[in-house]
Amino acid sequence: MAATRVLLLLSGRAESPGFAHSVCRLLGAGPGLGPWSTHCGLKRGRLVLSDGPLPGASTRLPLQRSPFCPFAALEQQFGARAAELPTNRGVDLGVAVLLQSSDLTVLLTRRTSTLSVSPNLWVPPGGHVELDEELLDGGLRELWEESGLQLPQGQFSWVPLGLWESAYPPRLSWGLPKYHHIILYLLVVSQESQQQLQARIQPNPSEVSAFMWLGPDVAAAVAATEDGTETPRHLPQELPPSVLAVELEEDGGTRPLALPVSTLLRTTPTTAEGKERVSTGTKFALRLWLQRLGR
């Protein structure tokens, strides 16, 4: 088995969760939707989660999963399908950076349609953390690799926002999960404005097909959409019909894109498809961001 990236301390006993196990359940999550406050230690290249206080430096972060988390569903079924999941893999670790400009907007990118995992999803920049990386360094590296943005030292601050138990495919109706991650969302607050940051963005076309800056009002509407239903909410009258995004062209250039807000309010469908929407984990991160803003 690969090196442990997510380590659990359960009643003081160290445990490496298996691929098929729901991390939320192991940490004592009940039948509700959460989030659950979790003791968390941010280590080099890994995450330590505990059902009790950790010795030394630690923090408490909200941990959540989707209402249709396949790992929770499989554990409830006790059926043969769970036996088809890998037994030689653990839970992997990812980090995502919610980059906030000085004028209170956050950067989201649209994953390209050619990616095999989560195509066409709007997400913050992020990805895997290397074994020898500090978690913030891994997030900043992913931000640079995907957007071309490097933040000058001393011109940003950061704070961990929350933890998301992620599966892909996201629903059992799409097929058995092939990927299992705990995603650490980091809020990175830049001293630069949206205009200053956007002037330096150079998206990686192999991963990113568009990007946008989302303000609190539209973010609040997106964060309020409840995944788990196929029925999208009606667009609030006070919201604009579209938001301005920037889309990459095949020749390497960019063009403005009027993105319908209704697209951002879509929920996770019950059948597998690559329709453009905001990921469920991103909605969770936006809710946490808005709470910090006092919205």
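Which residue in the turn of the hairpin that strand 3 and strand 4 form has a positive phi? In this predicted model, the residue concerned is Gly 45, whose phi is about 75 degrees, and the hairpin has two residues between its strands. Strand 3 and strand 4, the latter comprising residues 46-50, pair in the antiparallel sense over five bridges, and within this pairing Lys 43 has Arg 46 of strand 4 as its bridge partner. Strand 3, which spans residues 36-43, also pairs with strand 5 (residues 59-65), again in the antiparallel sense and over five bridges; here Cys 40 stands opposite Thr 59 of strand 5. Strand 3 is thus a partner both of strand 4 and of strand 5.

Two further features of the backbone are found in loops. The loop between strand 1 (6-10) and strand 2 (13-15) contains Ser 11, a residue other than glycine that nevertheless has a positive phi, near 55 degrees. In the loop between strand 10 and strand 11 lies Pro 169, and the peptide bond that leads to Pro 169 from Tyr 168 is cis, with an omega near -5 degrees.

The two strands that flank the loop of Pro 169 also contribute to the largest pocket, for which a volume of about 950 Å³ was computed. The lining of this pocket comprises 44 residues, and those that lie nearest its centre are Arg 111, Val 117, Ser 118, Ser 166 and Ile 183. Both strands and helices take part in the lining: at least two residues each are supplied by strand 6 (92-100), strand 7 (106-111), strand 8 (121-123), strand 9 (126-128), strand 10 (156-168) and strand 11 (179-190), and likewise by helix 4 (135-147) and helix 8 (280-293). Of these elements, strand 10 provides the largest share, with five residues. When the lining is divided by class, 20 residues are nonpolar, 15 are polar and nine are charged.

Helix 8, one of the elements that supply the lining of the largest pocket, also packs across another helix in the model, its axis coming within 9 Å of the axis of helix 6 (residues 216-224). The two axes cross at roughly 130 degrees, and helix 6 and helix 8 are therefore oblique to each other, a description that applies because the angle is neither over 145 degrees, as would be required for roughly antiparallel, nor within the 65 to 115 degrees that count as roughly perpendicular. The crossing of helix 6 and helix 8 is left-handed.

How values were computed:
Residues numbered from 1 in each chain as written. Predicted model: local features only at pLDDT ≥ 70, side-chain atom pairs only at ≥ 80, totals over all residues. Heavy atoms only, no water. 1 Å grid on protein atoms, 1.4 Å probe; cavity = no way out; pocket = protein on both sides within 12 Å on 5 of 7 lines; lining within 4 Å. Points joined across faces, edges and corners; volume = space filled by probe spheres on them. Helix = DSSP H or I, 4+ residues; strand = E, 2+ residues; numbered from the N terminus. Nonpolar A, V, L, I, M, F, W, Y, C, P; charged D, E, K, R; others polar. Pairing = 2+ DSSP bridges. Axes fitted to C-alpha atoms, helices over the stretch in contact; angles between N-to-C directions. Parallel < 35°, antiparallel > 145°, perpendicular 65-115°, else oblique. Left-handed = near helix turned anticlockwise from the far one by under 90°.
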